[in-house]
Structure formats: C-alpha cells, structure tokens
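Hi,

Here's the structure I promised to pass on. Have a look at it first, and then read my notes below.

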Amino acid sequence: MTPRQLRIRSFRVVIIATTLCYGLGGFAQSPFMLDATYRTEITQRTVNSIALLDDGSLLAAGLIRFPGDEYDRGSARILTDGSGDLSFPANVASVKITPWLDRYYAQFGATVRRLLPNGLFDPDFSNMNADPLFQTTGGQDFHAFPDGRVVVSGDHNLYDTVRGFVGVYNWVWFTNTGRLDTTRIHRQANFPTGRFTALPNGQFICHGQGSSFDGQAVDKLFKLNADGSVDTSFQSGVYWGVVFGYLPLSDGRVYVGGRYQCSQWGSDTLALARFLPDGTLDPAFQPPVLGAGALDPITGLIITSTTQLGPNKLLVTGRFQTVNGQSRRGVCLLDSTGAVLDAFNNAGVGDYVHMGISYGSVASALVDTTNNHLYLCGPFNGYSDGTTNDPTQRFVTRLHLGDIMTGTAGGHEEQAAGIGLRIHPNPSGGQFILTVGGPLMKDARMIVHDMTGRAVHRSRMEAYMNGGGHAFSLDVPAGLYRVTVQYDGGKHSATLVVE
C-alpha cells in the first residue's frame with residue numbers, strides 16, 4: 001500500500017488519553033476545561049458529526065446555517081477561527097462522517113460518498129444512485145471496510161434482474177468504487193434497518209423496528225454474521241425504542257446507547273447497557289439513569305455516543321441534564337461499572353430551542369490528537385466547564401483534554417526517546433502505516449496490546465532504514481492499543497487509536 005499524505009488526524013468518537021501539557025511554560029490545565037478562545041458562527045440548527053481536516057479546519061455534517069444563510073447546509077467547513085467557509089459545498093455530508101485512511105466516508109441524505117482529504121467528493125467513488133441497479137428510498141447507516149467496500153442499511157430499491165435481486169432491500173453491499181456489489185447477497189427485512197456497527201469478529205450488531213430479517217425472527221436489537229445472515233444465537237429481548245451508538249469490546253461484549261426497552265430489564269427505559277455476546281445484559285454494568293432537568297421531555301432522554309477513554313473511563317454524550325441524580329448536561333464520564341465519575345460535574349451544554357422545542361444536547365465528540373482538544377457538537381447554546389460559563393458557545397465547542405491518566409505513557413515516551421515512531425493515519429479503521437526514524441533494525445517484531453494488556457496481534461517486520469514505512473491491517477474492535485516494535489538492541493512503543 002502506497003501512503004498518501006502522512007498525518008495524524010483526529011477521530012469522531014474514540015479518544016486517546018495521554019498525559020499532556022498546555023499553555024505557556026508547560027502549565028498543565030485540568031481536564032475538559034473550556035477553550036474560550038474558540039467559538040463558531042453557526043446560528044442554527046444542529047451539527048451531527050465533525051471531522052478534522054488537514055489544515056485544522058472542521059468538516060461538519062448536520063443542518064447548519066451561518067449568518068446570512070437562507071437555507072440549511074447539510075455540510076459545512078468551519079475555519080480555524082470558528083467562521084464558516086461560505087464557498088464550501090453544502091452537499092457532501094449531512095448525517096455521519098467516518099475517517100478512512102487519508103480520506104473520509106460520509107452520509108449525505110440516503111447515500112454514501114467518499115471524500116478527499118480536503119472534504120470534497122472523491123471522483124473515484126461514484127454516486128450510488130448513478131448505478132442503474134440501485135435507487136435509494138431511505139438510508140440509515142453505513143460501514144466502510146478497510147479495502148473501501150461499503151455496506152448500507154435502510155430501504156433501497158434494487159434492479160439486478162440477472163441475479164434476482166429486485167425490489168426493496170434493507171442490507172446492501174457496494175464495491176470500493178460506489179457500484180452495487182454483484183458478488184454478494186443483499187438482504188431483505190420487514191423494516192428499514194437502522195444504526196449498526198461492525199464487531200471485532202466480523203459480525204454486525206444492528207437495530208431495526210421490525211420483527212423479521214432475511215426470513216428469520218429478530219428482536220429490535222439483533223446480530224448479523226459477516227455475510228449479512230442472522231446470528232440466531234443472539235437474543236437481546238429489545239422490543240421497543242431507538243439505538244444511536246455502539247461501543248464493541250474485544251471480548252465480544254458491546255455497549256448499546258440510545259433509548260429502548262428490553263424484556264430483561266422490565267418496563268424501565270434503558271439509555272445505555274452492556275450486552276454479552278449472546279445478547280444477555282451484562283450484570284457487572286449498572287445502566288445509568290438519565291434526568292431531563294429543565295429540558296422539555298418531549299424529545300426524550302437519549303445517549304448518542306459512548307467512547308472508551310482509557311481502561312476504565314467511558315465518555316457518553318446525549319440529551320440529558322442529570323445522570324444518576326448528578327448534574328451532567330449532555331456529557332458525562334462513567335467507569336466500567338456504570339458509576340458516575342467526577343469529571344463534568346455541573347458542566348455541559350446549554351439549551352437550544354427551535355420551533356418551540358428544546359433540544360440542548362451533544363450529538364457526538366471528536367478529539368484532536370495533535371493539539372489535545374476535545375470537540376463536542378450538537379444542538380446547544382452555551383457551554384460551562386463548571387468554572388467558566390460562556391453563553392456564546394454554539395453547536396460546536398472545544399475543550400482542553402488536560403492530564404488524562406490511562407496507565408500508559410502515550411506520546412511522551414516516544415518523544416523523550418527521540419525515536420520518531422509514527423503511526424499514520426491515527427486514528428484509523430485498523431489499516432495504518434508504521435514509520436520508525438532510527439537506525440537499521442534487524443529481526444523487528446510488532447506486538448499490539450489492548451488496554452487490558454492482552455496481545456491481540458503479532459507479526460514480523462523486514463529490516464528497514466530510517467523513515468521506512470510498513471503497512472498493517474488489524475482486525476480489532478474500536479479502542480486504545482499499545483503498538484510495540486521490538487528488535488535486536490531495543491524496542492519502541494506508540495499509542496494506536498482504532499475507531
């Protein structure tokens with residue numbers, strides 16, 4: 001694999017936590033302090049997802065207006081000073097942006113496009129609706145594979161008469177050029193399939209509002225095999241609600257965030273739970289209880305994303321003002337048992353009212369691993385870190401990561417050793433290039449450990465000179481990993497983020 005532009009990028013939900021310093025003279029700021037020097041010019045309505053571009057600007061997806069706009073932009077480019085680039089096209093994204101190698105995949109409306117590093121359309125990935133065998137009626141979610149293939153959920157019309165795929169399909173495969181994949185089996189359901197994510201073993205966990213997928217009875221939360229067939233061994237008992245985000249773990253467990261009801265939990269509504277590989281609720285995790293506070297309860301209390309922040313920290317975002325009775329407005333830090341941690345105490349976003357409905361929430365989070373900033377985006381007006389209250393923060397706000405201890409040395413260890421070890425892109429979907437600036441290395445070996453210390457990958461590397469790069473593809477779940485290169489005479493380590 002030939003590396004394109006080499007860089008360390010930010011990522012949308014997975015957070016790298018290291019001990020870092022900010023400010024003049026190396027003054028270390030407390031975690032999650034508001035960066036009051038940053039604010040956007042967005043006037044309405046919501047930002048669903050953001051990604052960091054090469055020049056430090058943000059690519060944003062949602063329903064966005066800048067001063068003077070008379071229409072909603074599905075996508076926007078937010079410059080480094082928070083102002084909007086009014087020349088940027090409004091139709092490259094609107095729902096979800098996922099980094100992929102040095103590029104992005106983005107959902108705009110019901111279809112998916114691949115974007116160049118500058119956020120514009122990649123001409124090598126065609127408009128899905130330009131394929132005569134495909135016409136969408138409603139896209140819900142997508143997953144981009146390391147080789148660029150894509151699978152999409154929702155409701156879609158297929159016209160592949162040669163292979164017999166004609167009618168409405170709810171699980172559809174595409175090639176890495178944006179054309180219908182005629183080598184795979186597309187799947188039908190009695191409902192539009194919704195949000196889903198890939199699991200470490202190649203399976204998928206999915207949400208939908210129906211009762212049958214590919215001819216098999218399923219709950220509202222169900223699992224598919226790698227080929228899209230139903231895994232009948234997974235029985236979740238979820239019978240009502242919506243799911244907005246997942247966090248798979250390396251041992252097969254998975255956090256599921258949203259607003260739903262499960263027969264294993266009685267009639268109470270769940271916002272976040274941890275499921276075992278067979279669909280049983282994990283009794284070691286106590287689901288948090290959300291409170292509306294001053295929010296209008298009409299739009300519900302929801303967890304929209306869950307991020308593993310080190311071995312025992314979960315960053316959750318959503319629409320809430322209290323968690324387990326403690327003040328947390330749209331963002332909260334939990335431990336792996338579900339207990340609320342001290343971070344974000346009496347902090348969070350202010351309310352945003354649109355057409356008489358109050359929304360005030362955080363849709364998703366992104367970390368700038370280079371500058372150690374945490375971005376939060378969503379429909380909100382104002383942000384308080386518990387000390388500084390800034391009512392001019394709107395729709396995207398930036399926090400300092402501060403000193404987040406994870407039990408690993410992170411980037412400092414590499415910089416102190418002066419070895420120039422780089423992983424790029426970082427974060428990634430599991431495909432990356434490892435570059436080491438140092439002496440000729442013989443009999444080099446790479447070992448990857450997860451945050452529990454378990455080795456999840458081992459491989460040998462050919463000897464290479466300074467600046468030489470090696471391409472790797474790891475099939476591991478989203479999370480934080482330690483990459484160690486061992487060779488005769490020493491070893492070097494770096495932190496890898498897989499989203």
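What share of the contacts in the protein chain with a separation of 6 or more comes from residues 24 or more positions apart? The figure is 51%, where contact means heavy atoms within 4.5 Å.

Before the details, some housekeeping. This is a predicted model, so I kept local features to pLDDT of at least 70 and side-chain atom pairs to pLDDT 80 or more, while totals for chains, interfaces and linings use all residues. Residues are numbered from 1 along each chain as its sequence is written, and side-chain values use heavy atoms, with hydrogens and water left out.

**The chain overall**

The protein chain has 1 helix and 37 strands; these are DSSP runs numbered from the N terminus, with at least four residues for a helix (H or I) and at least two for a strand (E). Of its 499 residues, 57% count as buried. My cut-offs there are under 20% relative accessible area for buried, over 50% for exposed and partly exposed in between, using a 1.4 Å probe and protein chains only. The chain exposes about 19200 Å², and carbon and sulfur atoms supply 52% of that. Those areas come from the Shrake-Rupley method with a 1.4 Å probe, and for residues only the protein chains shown count as cover.

**A three-stranded sheet**

One piece to pull up is an open sheet of 3 strands in the order E16-E17-E18, with antiparallel pairing. (Two strands pair if DSSP finds at least two bridges between them.) E16 (238–248) and E18 (269–275) are the edge strands, and each has a single partner strand, so one side of each has no neighbour in the sheet. From one strand to the next the twist averages 25°, taken between lines fitted to C-alpha atoms, with angles running from 0 to 180 degrees between N-to-C directions.

E17 (residues 254–262) pairs with E16 over 9 bridges. Across that pairing, Val 242 stands opposite Arg 259 and Gly 241 stands opposite Tyr 260. The hairpin of E16 and E17 has 5 residues between the strands, and Gly 252 there takes a positive phi near 100°.

On the E18 side, E17 pairs over 6 bridges, and Tyr 255 has Arg 274 as its bridge partner. This hairpin has 6 residues between its strands, with Gly 266 in the turn at a positive phi of about 75°. As for E17 itself, 8 of its 9 residues are buried, so the strand is largely enclosed by the rest of the structure.

**Nonpolar cores**

By nonpolar core I mean a set of buried Ala, Val, Leu, Ile, Met, Phe, Trp, Tyr and Cys residues joined through side-chain atoms within 4.5 Å. The largest one has 19 residues, and the members touching the most others are Phe 32, Phe 344, Leu 374, Leu 376, Tyr 383 and Leu 399. Strands E24 (331–334), E25 (347–349), E28 (364–368) and E29 (373–384) each supply at least two residues of this core. E29 gives the most, with 4 residues.

If you want a place to start, try Leu 399: leaving out residues up to four places away in sequence, its contacts include Phe 32, Met 33, Phe 344, Leu 374 and Tyr 383. There is also a second, separate core of 18 residues, with Ala 271, Leu 272, Val 316 and Val 340 among them.

**Three individual residues**

Asp 214 lies in the loop between strand E13 (212–213) and strand E14 (216–217). Asp 214 is partly exposed, at a relative accessible area of 32%. Outside its neighbours within four places in sequence, Asp 214 is in contact with Arg 187, Gln 188 and Ser 229. Its side chain makes a polar contact with that of Arg 187 at 2.8 Å; I count a pair of N or O atoms within 3.5 Å, and within protein one must be able to donate a hydrogen and the other to accept it, with residues adjacent in sequence counting only if both atoms are side-chain atoms.

Asp 282 sits in the loop between E18 and strand E19 (290–291), and counts as buried at 8% relative accessibility. Beyond residues up to four places away in sequence, Asp 282 touches Arg 253, Arg 274, Phe 275 and Leu 276.

Finally, Thr 435 belongs to strand E32 (residues 431–435) and is buried, with a relative accessible area of 13%. Thr 435 and His 470 are 35 residues apart in sequence, and their C-alpha atoms are 6.6 Å apart in space.

Cheers
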